[in-house]
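I opened my notebook for a first look through this structure. Here is what I looked up, in the order I went.

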Amino acid sequence: MNFFFLISSSTIRTSTLKKIKTVVSGQERVDVFSRILLNLYRWKNRYDAKFVVVFYLSHPEENLTITIPLDLISSPIENELEATKFMVNLLNSADELGINIEKQDFSSLLSSLASGCNFFYLTSSGKDISQLDEDSIKSNNLCFILGSQMDLTDSQEETLSTFDPTLISVGDREYLASHVVSIINHYLYTIFK
Ligand SMILES: C[S@@+](CC[C@H](N)C(=O)[O-])C[C@H]1O[C@@H](n2cnc3c(N)ncnc32)[C@H](O)[C@@H]1O
């Protein structure tokens, strides 16, 4: 079984040189992706599923999909610094890491994932994650879609709605995307462990 985590950012650019310092205090908020990567890396060996992180850069001059099967990462990511270094290298020179980057619009990305996956859109207005039907969760690959420091745009939500995602919530409050990822995994772990 594959678990895809698709996170979209409208602020991260590939045209600016990334350094540790600019990531930590930077306006582009690459740190959001770093924390998500670190959290998912920590969860990936706890149960039997393949984790694939899909970062989407939705800035109009980017429209880039970065697909990272976590099993392909050769150096362990064990702390925030290592996660940040990975993101810096990735955004400066993805080719050297052997990571697949594709230019495509959001709709094409969703179409490419939709064939083998059930879509779950993370939003506080969705139904509580604990109410999901376990049998249907186990019947297909899963793709969890969320915003980064900002929600998906209205246009992205409209596009996503055509794929009929299940809207799920992890609570009434707004959480950091990296925390949402951990809460999802906590729930999945109770089902798949
Ligand atoms: C930091 S939040 C986005 C910004 C936030 N809406 C705000 O107040 O500006 C990052 C993403 O995590 C997901 N998220 C945050 N809180 C959630 C919740 N309670 N339930 C489900 N998803 C949530 C959403 O996909 C959201 O776009």
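**Entry 1: the sheet**

I started with the strands and found 7 of them in an open sheet, ordered β4-β3-β2-β1-β6-β5-β7, with mixed pairing. At the edges sit β4 (100-103) and β7 (166-169), and each of these pairs on one side only. I also looked up the twist: neighbouring strands of this sheet are turned by 25° against each other on average, direction ignored. I kept in mind that this is a predicted model.

A reminder to myself: strands of a sheet pair through backbone hydrogen bonds, either parallel or antiparallel.

Next I asked in which sense β5 and β7 pair, parallel or antiparallel. Strand β5 (residues 117-128) pairs with β7 in the parallel sense, over 5 bridges. Looking across to β7, I found T166 opposite F120.

Then I turned to what packs on the sheet. Helix α2 (residues 30-43) does, touching β1 (2-9) and β2 (50-57). The direction of α2 makes about 170° with that of β1.

**Entry 2: the nonpolar core**

Which residues touch the most other members of the largest nonpolar core? This core has 53 residues, and the ones I was after are F4, F5, F33, L37, M87, F144 and I145. Helix α2 turned up again here, giving the largest share of this core with 9 residues.

I picked M87 for a closer look. Setting aside its neighbours within four places in sequence, I listed its contacts as V23, V30, F33, S34 and L37.

**Entry 3: around the ligand**

How many residues surround the ligand? I noted 17, and the closest are L122, S124, L146, G147 and D151. The elements giving two or more residues to this shell are β5, β6 (141-147) and α7 (177-192). Strand β5 provides the largest share, 3 residues. By character, the shell divides into 8 nonpolar, 6 polar and 3 charged residues.

**Entry 4: a stop at K19**

I finished with a loop residue. K19 lies between β1 and α1 (20-25). Is K19 buried or exposed? K19 has 12 other C-beta atoms within 10 Å, and a residue counts as exposed at 12 or fewer, so K19 is exposed.

Finally, I looked up how K19 stands to E174. The two are 155 residues apart along the chain, and their C-alpha atoms are separated by 29 Å.

Notes
Residues are numbered from 1 along each chain as its sequence is written. This is a predicted model: local features need pLDDT of at least 70, side-chain atom pairs count only at pLDDT 80 or more; totals for chains, interfaces and linings use all residues. Two strands pair if DSSP finds at least two bridges between them. Helices (H or I, at least four residues) and strands (E, at least two) are DSSP runs, numbered from the N terminus. Axes are lines fitted to C-alpha atoms, for helices over the stretch in contact, and angles run from 0 to 180 degrees between N-to-C directions. Two residues are in contact if their C-beta atoms, placed from the backbone, lie within 7 Å. A residue is near a molecule or strand if its C-beta atom, placed from the backbone, lies within 6 Å of it. Ala, Val, Leu, Ile, Met, Phe, Trp, Tyr, Cys and Pro count as nonpolar, Asp, Glu, Lys and Arg as charged, and the others, Gly among them, as polar. A nonpolar core is a set of buried Ala, Val, Leu, Ile, Met, Phe, Trp, Tyr and Cys residues joined through C-beta atoms within 7 Å. A residue is buried if 20 or more other C-beta atoms lie within 10 Å of its own, exposed if 12 or fewer, and partly exposed in between; C-beta atoms are placed from the backbone.
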